[in-house]
Each structure stands twice: as structure tokens, then as C-alpha cells.
Amino acid sequence: VRVPVLTLTGLDNTTHTLTIDVLTDGPFIVVDAFDVPAPAVERVQETDSSVVFSPGWTQLTPGFKWSGDTAMETTTGGPQVTFTFDGTGVAWVGFRGTQGGIARVVLDGVALPEVDTFAAIETQQGVQAEVWKKTGLPSGRHTLTIEATGRKNAQATAVSIVVDAFEVTR
């Protein structure tokens with residue numbers, strides 16, 4: 001009872017069909033359940049070697065509940081961060097608040113809609129916020145580039161862009 005009979009691993013992240021054919025006139029075959037695990041998600045800190053910052057970023061003071069205790073910030077237009085990863089999805093973990101600016105996002109060489117990191121109410125919940133996310137990528141190597149534009153929406157008090165970590169779906 002409740003014993004796995006067949007385990008398949010290493011499958012591509014796509015739709016699969018499993019067919020069970022009964023090839024005997026024996027006593028009986030019981031199918032109780034199928035366990036399909038959720039994709040694995042790994043948090044990659046901004047200090048990882050797969051994350052490369054251009055000049056213009058500064059490390060934020062440790063101790064502000066950043067993931068891994070640190071984060072990087074830029075308050076000017078132009079600085080970029082590039083993250084290379086293997087997976088089927090990625091999320092940018094950063095900060096949303098009254099000082100939040102606007103960033104360009106490019107994934108695998110394709111420019112995507114700009115991201116506004118402004119939030120009207122700044123709370124501790126703005127720290128380690130999921131700023132941007134993309135799922136459903138083909139399995140394999142991808143490159144994400146985030147560029148600070150130096151722009152903000154009319155309500156924001158600054159143009160700050162923060163990169164705290166990335167979450168990769170494998």
C-alpha cells in the first residue's frame with residue numbers, strides 16, 4: 001500500500017502522458033495515485049558569480065532583512081545587472097516602495113515591458129518583493145538583463161532600483 005511502483009525523473013518541463021497497459025489476465029492491477037512534484041525553485045543571491053553588475057551599483061547596508069543579508073542598489077540611469085541561469089522560469093527579487101524607479105528588462109535578447117518598482121505604501125513587505133517574474137521558458141540556458149532607466153512615475157520620490165536575489169524554476 002502506498003508504494004511507488006514507477007518513478008520517472010529528468011523529464012522535460014512539458015506535458016506528458018502516462019499510459020498503463022494491463023498485459024496479463026492475472027488477479028488485478030491497482031492504481032492508487034500519481035505524485036507529480038512541483039518544479040524546484042532555487043534562490044540565487046545577488047552575490048553569486050552568475051550575477052554580474054556593471055559599474056554604478058552599491059551594496060546596501062546589511063541587516064535590513066535582505067535575502068542573504070545584502071542587496072545591490074542603483075539610483076541613476078544606465079547601470080545594468082545580468083543574470084545567466086538554467087531553468088524554465090525566473091523571478092527578480094528586489095524592493096517596491098516610494099523611492100522605486102523604472103527598469104528595463106531584457107530576456108534572451110528580447111526587450112520586455114518596463115517594470116515600475118514604485119509602491120505607494122512603503123512597508124517592510126516591500127523588502128524581498130517579487131518585482132518581476134517570467135514562467136514557461138523552454139528548458140535551458142537563459143540571460144536576464146535589468147537596466148535602471150533613471151526614470152520614475154510621478155508619485156515616486158526617487159529612481160532607486162534594487163536587486164536582492166533571483167528565484168530560478170528548474
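The following exchange examines one sheet, its aromatic residues and the nonpolar cores of a predicted model.

Trainee: On what basis are the values given, and which pLDDT do side-chain atom pairs need?
Mentor: Residues are numbered from 1 along each chain as its sequence is written, and side-chain values use heavy atoms, with hydrogens and water left out. The model is predicted: totals for chains, interfaces and linings use all residues, local features need pLDDT of at least 70, and side-chain atom pairs count only at pLDDT 80 or more.

Trainee: What is the order of the strands in the open sheet of 5 strands?
Mentor: Strands are DSSP runs (E, at least two residues), numbered from the N terminus, and two of them pair if DSSP finds at least two bridges between them. Pairing in this sheet is antiparallel. The edge strands, each pairing on one side only, are β2 (51-53) and β8 (110-116). The order is β2-β5-β10-β7-β8.

Trainee: How many bridges join β5 to β10?
Mentor: Strand β10 covers residues 141-151 and is joined to β7 (residues 102-107) by 6 bridges. On the β5 side, the strand concerned spans residues 80-86 and runs antiparallel to β10, and V81 has I146 as its bridge partner. The number of bridges between β5 and β10 is 7.

Trainee: Which residue of β10 stands opposite V106?
Mentor: In the pairing of β7 with β10, the two strands run antiparallel. R104 stands opposite E147 in β10. For V106, the residue opposite is T145.

Trainee: Is T145 buried or exposed?
Mentor: Buried means under 20% relative accessible area, exposed over 50%, and partly exposed in between (1.4 Å probe, protein chains only). T145 touches Q80, V81, T82, R104, V105 and V106, not counting residues up to four places away in sequence; contact means heavy atoms within 4.5 Å. Because its relative accessible area is 16%, T145 is buried.

Trainee: Why is the pair of F53 and W57 classed as it is?
Mentor: Rings of Phe, Tyr and Trp (its six-membered ring) pair if their centres lie within 6.5 Å; planes under 30 degrees apart count as stacked, over 60 as edge-to-face and the rest as tilted. The centres of F53 and W57 are 5.1 Å apart and the planes stand at 65°, so the pair is edge-to-face.

Trainee: Which residues form one aromatic cluster with F83?
Mentor: F83 and F85 are a stacked pair, with 5.3 Å centre to centre and 20° between the planes. Both residues are buried. The cluster that holds F83 also includes F85 and F166.

Trainee: Which element gives the largest share of the largest nonpolar core?
Mentor: A nonpolar core is a set of buried Ala, Val, Leu, Ile, Met, Phe, Trp, Tyr and Cys residues joined through side-chain atoms within 4.5 Å. Of the 23 residues in the largest one, F83, F85, W92, W132, L144 and F166 touch the most other members. Elements giving two or more residues to this core include β5, β6 (89-95) and β9 (127-134). The largest share, 4 residues, comes from β11.

Trainee: How many residues make up the second, separate core?
Mentor: Among its members are W66, F95, V127 and V162. The size of this second core is 6 residues.
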